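Hi,

Here is the structure I promised to pass on. Have a look at it first, and my notes follow underneath.

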Amino acid sequence: MSNQLPDVQQHGIFHRRFGDVVVTAISDGHIQAALGVFQGITAEQGEAELARAFRPSPPSFAVNVFVVRAAGRTALIDAGGGDIYPAAGRMMAALAACSIAPESVDTVLLTHTHRDHVRGLVDAHNKVRFANARVLVHQADLDFFLDPAKAEGMPAPIATTFPVVEASLRPYGDQVVGFRGEVELFPSVSSVELPGHTPGHCGFAVGGRDGVLIWGDVMHLPEVQAAYPDATLVFDFDGAQAAASRRKTLELAASERLLVGGMHLHFPGLAHVVRRDAAFAVVPEPWTSAY
Ligand SMILES: [Zn+2]
């Protein structure tokens, strides 16, 4: 008998079925952030939205990845922060907890190549974790982040990303494959181009019309960027284009009543979008025991 209290949360794992497709949301953990990473809003505006939503300040960003199982195959959408954030990098343990063997993953789809999405592809020694996977990435992100010359003159939050992308993707060699446009990349999964946050930032439409739009980094902090969709991030490659992609996606999700999934929406990372005041609000989908 032990009276020891828990010091860590159980694994974040949530299954959601869409016809023949099963999507599993996995929590990789979170990243401690600060309102200072946002541009285009004042600190007071950010603080007010956090307070209105009973969220702490400084805020943290949730980090999620999604597994898609369809047609007897397994895909991973993004790979979390790996070894570089103290409170993230929990993906591998969560995959093990739901009996998804790394060697069973035949496809990795990347929404973009920022470090909190790619670093989990490799271990601390830059060894590949998903040896049997093809890693599909928008060609515009490959052309940018794998060309060190492009880092010249970029602000530090972007320039410092380059070596992490190099170390995390290069070990996959020619298993890394670029794509362009809006195409089916895996059974029941198609790319949706949402550029701006990075040159090739994408979402993935999973399971058709009654499925889920996994929108990558359309939002980093839902409480703030739903109320202020034009609030951008110091990590955005093209802030105006990122804001335009965000507005377009929020409009679409609200008018079509789409279910969306986000890498930085609070776990399990699934939600709807509604119009509120002159902007939007994110309505999280609750956890449920049935799927
Ligand atoms: Zn991110």
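**Cis prolines and other backbone oddities**

Pro268 sits in the loop that runs between strand 14 (260-261) and strand 15 (270-276). The peptide bond leading into Pro268 from Phe267 is cis, with omega near 5°. Bear in mind throughout that this is a predicted model.

There is another cis bond to look at, from Ser57 to Pro58, where omega is near 0°. Pro58 is also a loop residue, placed between helix 1 (43-52) and strand 4 (60-70).

I also checked for positive phi outside glycine. Ala71 has phi near 50°, and you'll find Ala71 in the loop joining strand 4 to strand 5 (73-77). With 9 other C-beta atoms within 10 Å, Ala71 comes out as exposed, since the cut-off for exposed is 12 or fewer.

Ser188 has a positive phi too, near 70°, and lies in the loop between strand 9 (184-186) and strand 10 (189-193). Ser188 counts as buried because it has 21 C-beta neighbours inside 10 Å, and 20 or more is enough for that.

As for the whole protein, it has 8 helices and 16 strands. The C-alpha trace spans about 55 × 45 × 45 Å along its principal axes. The radius of gyration is 18 Å, which agrees with the value near 19 Å for a compact globule of 291 residues. Of those 291 residues, 48% are buried. Among contacts with a separation of 6 or more, 69% come from residues 24 or more positions apart.

Cheers

Definitions and conventions: Residues are numbered from 1 along each chain as its sequence is written. This is a predicted model: local features need pLDDT of at least 70, side-chain atom pairs count only at pLDDT 80 or more; totals for chains, interfaces and linings use all residues. Helices (H or I, at least four residues) and strands (E, at least two) are DSSP runs, numbered from the N terminus. The radius of gyration is taken over C-alpha atoms; the globule rule is 2.2 Å times the number of residues to the power 0.38. Two residues are in contact if their C-beta atoms, placed from the backbone, lie within 7 Å.
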